[in-house]
Amino acid sequence: MMLITVSLSLLQPILCQDLRDKILKLPDIISVEKMENNPFFEEAYVIMIKQPLDHQNPGMGYFPQRIILSHLDNTEPVVFITEGYNADNAVGPKYLNELCPILYANQLFVEHRFFGKSVPDTMKWKYLTVENAAADHHHIAEIFKQIYPGKWISTGISKGGQASLYYRLLFPDDVTETIAYVAPLNYSVEENRHDRFIRHKTGTAGERKSVMNFQREVLKRKAEILPLFENYCNGKKYVFNATISEIYDYCVLEYSFSFWQWGRSVKEIPPFGSSKDDLLAYFVKAVSPDYFDRISGKVVVPFFVQAHRELGYYAYNTKPFEDLMQLRSTKGYLARLFVPEDAVFPYDADLSVQLQKFLKHKAKNILLLYGENDPWTASAAKPGRNKNVVKILMKDGCHLTRINGLSRKQQELAIGKMKAWMN
């Protein structure tokens, strides 16, 4: 028995080395580094792959893109995660996409171009497009299908969910099915649908009133709270592209969106007449001004570039507060507060329009998940009468809506559809 145990332990590094060798022999692989794997998998690697800056014109240069591969078995399917931001949360053994245990699948997590480690020497913003990002995913799928020839399932959350849908639009046959979580589909730089949704559809009328009352309270008491707010921001060394008074007002406007997006409770809201210190403590916790900070916010600048150019975003509405708010207009705030001057491009909704038509008429095997109270649900994709696209709305759900949080009946529907499509 001892001899068998020793032999197996000696064999394991050979098996691991075998997969690493296979990956290194694939086209455009720059490096392969072993990392600690989640216990669900057998082994895991951080991989850097060579990608063209412009897939239509490879002569413009290349950049390295980071991939995290968690290997189960090359005969099993692959959950292909089209992350919308950086891949830091996937580098380590804690991360496990919920679809992998459901479908008994390998996990391939892709960092989005121009985020995290996946950046060129200089940020050539004109190449940060939906089309190029989808082509990145296509290139990766083509390469890794040499090791994993079975079924592939693309998935993503929020901006990553958008990426998975655009990828499916442009390369419809790359994967068997797509599961997109809380993925908005916008048609303008500053959409008004989200504000209407927040004021009329989130929670109960009483809860919406509590949120509005808090916003009005911090505006009424701005003169006494603003100095504390400014000290807080100075202590954090935040840098803004607006005055501290304007940032205060922007935080008031952002508060209602953030409140419903992350599923906060009105029970947390300080009662009327609370001290200025208690109001400030809750205010900066619920809607931190670091969202507008140009130093800590640098990691998400590429997101705002994409939002301003193709993905769209939401508008603020100052009218409910015009009797209290000094800020009169927020039009153009994305370019003013977030987007570098050399990254301001005209907005183009063409691919969003194409995607909506695709979902209604041609798309197959797509599951859309949204939260009932999530403001992003205001711009949710609409499959129309296409029975090959299933849309599930989680009751009282927020931007954290996942399959494991659905009702039993909705879970059975979602998992049943996924497994049926696999077969």
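## A starting point: Arg336

Is Arg336 buried, partly exposed or exposed? With a relative accessibility of 38%, Arg336 counts as partly exposed, because that class covers values between the 20% limit for buried and the 50% limit for exposed. Its side chain meets that of Glu246 in a salt bridge, at 2.9 Å from N to O. Glu246 belongs to helix α8 and Arg336 to helix α11, so this pair ties together parts that lie 90 residues apart in sequence.

## How confident is the model?

Please keep in mind that this is a predicted model. The mean pLDDT of the chain is 95, and 96% of its residues reach 70 or more. Residues 1-15 are the stretch to treat separately: pLDDT stays under 50 there, and the model has 1 contact beyond four places in sequence for them.

## Strand β5 and its neighbours

Let us move to strand β5, which spans residues 106-110. Here 5 of the 5 residues are buried, so the strand is largely enclosed by the rest of the structure. Both of its faces are covered: Asn106, Leu108 and Val110 are buried on one side, and Gln107 and Phe109 are buried on the other.

Two strands pair with β5. Strand β3 does so in the antiparallel sense, over 4 bridges, and Ser70 has Gln107 of β5 as its bridge partner. Strand β4, made of residues 78-82, runs parallel to β5 and is joined to it by 5 bridges. On that side, Thr82 has Val110 of β5 as its bridge partner.

## Salt bridges

A search of the whole structure finds 12 salt bridges. One of them is formed by the side chains of Arg66 and Glu111, at 2.7 Å from N to O. Arg66 lies in strand β3 (residues 62-71) and Glu111 in the loop between β5 and α3 (130-144), so the pair ties together parts that are 45 residues apart in sequence.

Arg66 is buried because its relative accessible area is 7%, under the 20% limit. Glu111 is buried too, with a relative accessible area of 0%. The two residues also belong to a network of salt bridges that links Arg66, Asp88 and Glu111. Elsewhere, the side chains of Glu191 and Arg193 meet in a salt bridge at 2.8 Å, N to O, and both of these residues are buried.

## Nonpolar cores

The largest nonpolar core has 58 residues, of which Phe229, Tyr255, Phe292, Tyr313 and Tyr333 touch the most other members. The elements that give two or more residues to this core are α6 (205-220), α7 (222-235), α8 (244-261), α9 (276-286), α10 (301-311) and α11 (333-337). Helix α8 gives the most, with 11 residues.

What does Phe292 touch, leaving aside residues up to four places away in sequence? Its contacts are Val239, Phe240, Ile247, Tyr250, Cys251, Glu254, Tyr316, Leu337 and Phe338. Apart from the largest core lies another one, of 31 residues, with Met35, Ala44, Ile81 and Met422 among them.

## Cysteines

A disulfide is a covalent bond between the sulfur atoms of two cysteines. With a limit of 2.5 Å between the sulfur atoms, the count for this model comes to 0 disulfides. Two cysteines can still be placed by their accessibility: Cys100 counts as buried because its relative accessibility is 0%, and Cys398 counts as buried at 11%.

Note on methods. Residues are numbered from 1 along each chain as its sequence is written. This is a predicted model: local features need pLDDT of at least 70, side-chain atom pairs count only at pLDDT 80 or more; totals for chains, interfaces and linings use all residues. Side-chain values use heavy atoms; hydrogens and water are left out. Buried means under 20% relative accessible area, exposed over 50%, partly exposed in between (1.4 Å probe, protein chains only). A nonpolar core is a set of buried Ala, Val, Leu, Ile, Met, Phe, Trp, Tyr and Cys residues joined through side-chain atoms within 4.5 Å. Contact means heavy atoms within 4.5 Å. pLDDT is the predictor's confidence in each residue, from 0 to 100. A salt bridge is a side-chain nitrogen of Lys or Arg within 4 Å of a carboxyl oxygen of Asp or Glu. Two strands pair if DSSP finds at least two bridges between them.
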